[in-house]
Every structure is written in C-alpha cells, then in structure tokens.
Amino acid sequence: MAGRGSFSNKLGFILAAAGSAVGLGNIWSFPFEVGAGGGAAFLVMYLIFCFILCFPVMVTEIAIGRKTQLNPAGAYKALGFKKWSILGLQGIFSGFVILSFYNVVAGWAFGYFIELLFGHFEIGKQFGDFTKDVFKVGSYAMVFMFATAFIVSKGVAGGIEKASKILMPTLIIMILGLVVYSLTLDNAMIGLSFYLVPDFSKLTLSVMGSAMGQAFFSLSLGMGALITYGSYVGKGDNIVSSAAFITLADVGMAFIAGLMMFPMVAYLTDGTMEGAGQGAGLIFTVLPGAFESLGSTLGVIIGASFFLLLSFAALTSTVSLLEVPVAYVVDEKGVRRNRAVWLIAGLIFVIGIPSLLSNGYSGFFTNFITYIGAENPTSFMDFAQNVANDTLLPLGGCLISIFAAYIWKTKNLNEEIEQGYPGYTGSFVQKYLNFAVMFLCPTVLGIMFLLTFLQTFFGINLF
Ligand code: PHE
C-alpha cells in the first residue's frame with residue numbers, strides 16, 4: 001500500500017507496540033489505581049484481566065489489522081461488514097478522548113522534568129498549585145502535542161520505531177534501580193505488603209471495574225490502536241508471540257512501577273499509607289520527596305531523568321493514539337498525511353482544554369459532574385477517564401471479540417493467525433484463543449461492562 005508505510009521488521013513492530021502500551025498507564029495510573037483500589041486485591045484482578053481476557057483481544061486486534069492493512073473503521077468495511085465500521089469509529093472516538101486528557105498528564109510529566117532539573121523538589125507539595133497554573137501546564141501540554149504530531153508526521157518507521165528502541169530499555173533500567181533503592185527505605189515492608197498481600201474484602205465491583213479499565217487502557221486495547229499498528233505488520237510475523245511479548249512487557253513494567261512506588265509511599269507517610277488512594281496526583285506528590293532524599297545532586301540527576309524518560313514513554317503512547325485517527329482520515333478520506341496530522345493534533349489539543357482546566361483552575365470543570373448516588377463531584381478529566389477507560393475500551397474489547405468470533409468467524413481469524421505461526425492449528429494456544437474469543441470475552445467483558453457502567457454513572461449496584 002503506497003504511502004502507508006510499514007514497520008521495518010518484526011522487532012520494529014513489537015517495540016513500537018510495546019512503546020504504545022507502556023506509558024503513563026503503567027507508571028502514573030497503575031499505581032494510583034492500585035492505591036485507590038485497596039492494594040493487592042486490585043493487582044490480582046488486574047493480572048487476571050490482562051492475561052486471561054485482554055491477551056486474546058490483543059491477538060484479535062493485530063490479526064484484523066494485518067489482514068485488512070487498514071485503520072479500524074476501514075478494517076471492518078474491508079472484511080465485508082460495513083455496519084461494523086461504527087465499532088471502528090467508536091475506537092477512533094475513544095482515542096480522541098484518551099489523547100485529550102493523556103496529553104495534559106504528559107505535559108505535567110514534562111513540566112516535572114524541568115522543575116526537578118532546577119532542583120525544585122518542593123514541587124511535590126505544590127502539585128495542586130502546579131496543575132492550577134494553566135498557562136504553564138498548558139504550554140507544556142502544547143509542546144507535548146507538537147512533539148507527538150512531529151513524530152507521527154514522519155511516519156511509522158522513521159519516527160515511532162527509532163524513538164522506542166533506545167528509550168524504553170533505559171526507562172526499565174532506571175525504574176529497576178529505583179526499586180532497589182525504595183526497598184532500602186524505612187517502612188518499605190509495609191508498602192510492599194500493601195501492594196502484594198491481597199485483602200479480598202476490598203474487592204468490590206468498582207475495584208473490579210477499574211482493574212478491567214486499567215488493563216485495557218494499559219495494553220492500548222479496545223479502540224483499534226493495535227488494529228492500526230497491526231496493519232503495518234508483515235505476513236510472516238507470529239502474531240501470538242508478538243502479543244505475548246507486548247503483554248508481558250506492559251504488565252511487567254506496571255508491576256515494577258508498583259514495587260517502586262509503594263515502599264516510597266510507606267516511607268514518606270511513616271508507614272500509614274495515607275494518601276495512597278489520593279488519585280491522579282500520586283506519583284507527582286510522592287516521587288519528588290523520595291528523589292530529594294537521595295541528596296541534592298543525585299536527586300536532581302535521578303529525578304530529572306526519571307521524568308524525562310517518563311515523558312518519552314508517554315510520547316510513544318501519544319504517538320500511537322494520534323496515529324489511529326490519522327490513519328483513518330488518510331485511508332478513508334484521502335487527506336494527505338501531513339495535513340491530517342496537524343489538523344487532528346490541533347483539534348485534540350483543543351478538546352483537551354477542559355481537562356487542563358479541571359485540576360483546580362476552573363470550578364466548573366473541577367467539579368464537573370456528580371454521578372447519581374455519588375457523594376462527591378467528579379472532575380472533567382476523571383469523567384473523561386471513566387467514559388473512555390472504564391466504559392468505551394472494555395465495551396470495544398467485548399464487541400471486537402463478538403465481531404471476530406461470530407461475524408468475521410473464528411475460522412478466518414485462525415487462518416490469519418496461522419500465517420507466521422505454522423504449528424498453530426490444533427495447538428492448545430488455538431483452543432484457548434478460540435474459547436476466549438467465542439465465549440469468555442463476550443460474556444465476562446459484556447457483563448462486567450454493564451455492571452460497572454450502571455454502578456459508576458447511576459449508582460445502581462446489581463452485584
Ligand atoms: N497504553 C498507554 C499507556 O499505558 C495508553 C494508550 C491507551 C495508548 C490506548 C494507546 C491506546 O500509557
């Protein structure tokens with residue numbers, strides 16, 4: 001397909017897809033979701049969702065992308081099911097919503113890099129004032145969207161691949177180093193047991209719902225990002241082993257981010273773990289204090305590099321988020337790639353303004369909506385996250401599996417997977433994937449979606 005480009009080889013695809021998966025979802029939202037969800041009970045649910053339910057959805061998305069070589073909306077049409085392109089459009093819409101708030105948080109991470117570069121460790125205590133300073137954080141967010149658009153305009157192989165190759169491994173090494181450090185801190189064991197020893201009495205429907213949303217969000221699933229990336233994959237590649245690698249890399253990264261965070265929270269709160277459930281500010285309030293305890297020179301070096309690498313991890317994710325609508329208008333509407341990139345990036349930046357304002361600056365957006373049955377109002381940014389991560393993505397995952405199993409048919413899915421994976425037919429992997437796509441994903445994801453949707457937005461608890 002002239003002009004669409006493709007990854008230069010299998011490794012290029014895997015790294016780019018892992019780059020899409022690994023991002024703020026692992027290091028920013030995973031720890032705060034664990035904190036808010038009562039610790040290890042959340043972790044257990046998260047692992048179950050990732051490996052048992054999300055993995056088959058990931059294989060399916062990549063297979064649909066590679067089969068059709070198209071964007072999510074075009075893909076369903078090309079398989080002969082025009083009506084299903086609405087599912088692709090749902091995914092594209094989810095991508096818009098996610099990128100609009102994700103870019104704001106990425107701007108915070110980038111801003112923290114600058115602050116820590118100047119040794120401003122106090123920023124952890126001033127997080128609320130920082131997010132309220134909309135001109136400052138707005139400028140960081142703008143720089144970030146600009147960088148994203150620039151890379152996407154360079155095409156898949158040139159920009160996306162190269163950036164992922166060096167930065168991801170560096171970030172992993174850095175976090176592992178911080179894990180070792182945080183395990184030496186006072187009260188580390190209290191933090192660790194909060195994270196690793198489950199208290200199943202904390203396992204409510206809403207904890208399960210957020211674990212499901214977090215799993216989809218973190219693996220970049222349910223919206224077609226991997227259909228789009230899959231469209232650039234070669235026919236000789238093994239989709240199942242690629243998906244296994246991406247899942248393991250993503251879950252592994254989230255897991256070690258938790259190992260890094262909770263001992264630090266325990267240390268900074270004298271073992272009370274108070275504030276572990278504070279939400280979106282968790283890494284931003286906790287980490288600067290921990291970096292400061294490394295001493296001023298080392299603290300600046302480690303702290304600033306950490307947030308710089310986090311910004312890069314976010315960048316390989318924002319790039320994949322922007323690539324989805326761009327591929328759509330390039331494929332379907334015949335718009336030139338460059339023009340599509342800048343127009344859509346600008347539009348999503350504007351859509352992100354309410355999220356930017358909803359962290360203290362504007363009362364209206366900060367207390368945007370009070371769900372039925374809820375005590376406190378939800379900010380616009382949290383609302384956007386509830387709509388996208390906890391609702392649209394799991395729904396998308398459920399519908400994608402229904403599509404693959406019953407509309408496109410499991411036989412065709414298997415044929416696509418078989419290419420690049422010769423021993424697939426008749427294997428245990430095939431049996432499991434087919435069982436998951438036909439029965440497990442549609443029912444479990446469908447039921448969970450309905451239950452959490454009713455509970456989150458309407459306070460109706462059927463469970
Ligand atoms: N998975 C990314 C992260 O964890 C976010 C993302 C979601 C990217 C959906 C693409 C699609 O940061």
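Modeller: Hi! One term before we start: helices here are DSSP runs of H or I with at least four residues, numbered from the N terminus. Lys 409, for instance, has its place in helix H18, residues 380-418. Also keep in mind that this is a predicted model.

Colleague: Thanks! How many helices and strands are there in the chain?

Modeller: The secondary structure comes to 19 helices and zero strands.

Colleague: And why is the chain said to be as compact as a globular protein of that length?

Modeller: Its radius of gyration is 21 Å, close to the 23 Å that the globule rule gives for 463 residues, so the chain is as compact as a globular protein of that length. Along the principal axes, the C-alpha atoms fill a box of roughly 60 × 50 × 45 Å.

Colleague: What share of the residues is buried?

Modeller: Of the 463 residues, 61% count as buried. The chain exposes about 17000 Å², and carbon and sulfur atoms supply 69% of that area.

Colleague: Which share of the contacts joins residues at least 24 apart?

Modeller: Looking at contacts between residues at least 6 apart in sequence, 81% join residues at least 24 apart.

Colleague: Switching to charges: how far apart are the mean positions of the positive and negative ones?

Modeller: They are 17 Å apart, taken over 22 positive and 23 negative charges.

Colleague: Let's pick a helix. Why does the span of H7 agree with its number of residues?

Modeller: Helix H7 covers residues 134-153, and at 1.5 Å a residue its 20 residues should span 28 Å; the end C-alpha atoms are 27 Å apart, which agrees.

Colleague: Which residues in H7 are buried?

Modeller: Quite a list! Among them are Val 134, Val 137, Gly 138, Tyr 140, Ala 141 and Phe 144. Just after H7, Gly 155 takes a positive phi of about 90 degrees.

Colleague: Back to Val 134, then. Which residues does Val 134 touch?

Modeller: Not counting residues up to four places away in sequence, Val 134 touches Ser 139, Leu 356, Leu 357 and Tyr 361. Val 134 has 9% relative accessibility, so it counts as buried, the cut-off being under 20%. The C-alpha atoms of Val 134 and Ser 358 are separated by 9.8 Å, although these residues are 224 apart along the chain.

Colleague: Where does Val 104 sit?

Modeller: Val 104 has its place in helix H5, residues 85-117. Val 104 is buried, with a relative accessible area of 3%. Setting aside residues up to four places away in sequence, Val 104 touches Ala 141, Gly 352, Ser 355, Leu 356 and Met 381. Ala 141 is one of the buried residues of H7, and Leu 356 is also touched by Val 134.

Colleague: How far apart are Val 104 and Phe 144 in space?

Modeller: From C-alpha to C-alpha they are 8.5 Å apart, with their positions 40 residues apart in sequence numbering.

Colleague: New topic: phi angles. What sign does phi have in most residues?

Modeller: Most residues other than glycine have a negative phi. Asp 270 has a positive one, near 55 degrees. Phi of Lys 409 is positive too, near 90 degrees.

Colleague: Is Asp 270 buried or exposed?

Modeller: Asp 270 is exposed, with a relative accessible area of 65%. It lies in the loop between helix H12 (239-268) and helix H13 (282-292). Lys 409 is partly exposed, at 44%.

Colleague: Lys 409 was in H18, right? Which residues does Asn 414 touch, in that helix?

Modeller: Yes, Lys 409 is in H18, and Asn 414 lies there as well. Leaving out residues up to four places away in sequence, Asn 414 touches Tyr 424, Gln 430 and Asn 434. At 11% relative accessibility, Asn 414 counts as buried.

Colleague: Last one: where does Ile 369 lie?

Modeller: Ile 369 lies in the loop between helix H17 (363-366) and H18. At 26% relative accessibility, Ile 369 counts as partly exposed. Beyond residues up to four places away in sequence, Ile 369 touches Pro 377, Thr 378 and Phe 383.

Notes:
Residues numbered from 1 in each chain as written. Predicted model: local features only at pLDDT ≥ 70, side-chain atom pairs only at ≥ 80, totals over all residues. Heavy atoms only, no water. Helix = DSSP H or I, 4+ residues; strand = E, 2+ residues; numbered from the N terminus. Rg over C-alpha atoms; globule rule 2.2 N^0.38 Å. Buried < 20%, exposed > 50% of the residue type's maximum accessible area, 1.4 Å probe, protein only. Contact = heavy atoms within 4.5 Å. Areas by Shrake-Rupley, 256 points an atom, 1.4 Å probe, with all protein chains shown as cover. Lys, Arg positive; Asp, Glu negative; His and termini not counted. Charge placed at Lys NZ, Arg CZ, Asp CG, Glu CD. Expected span 1.5 Å × (residues − 1).
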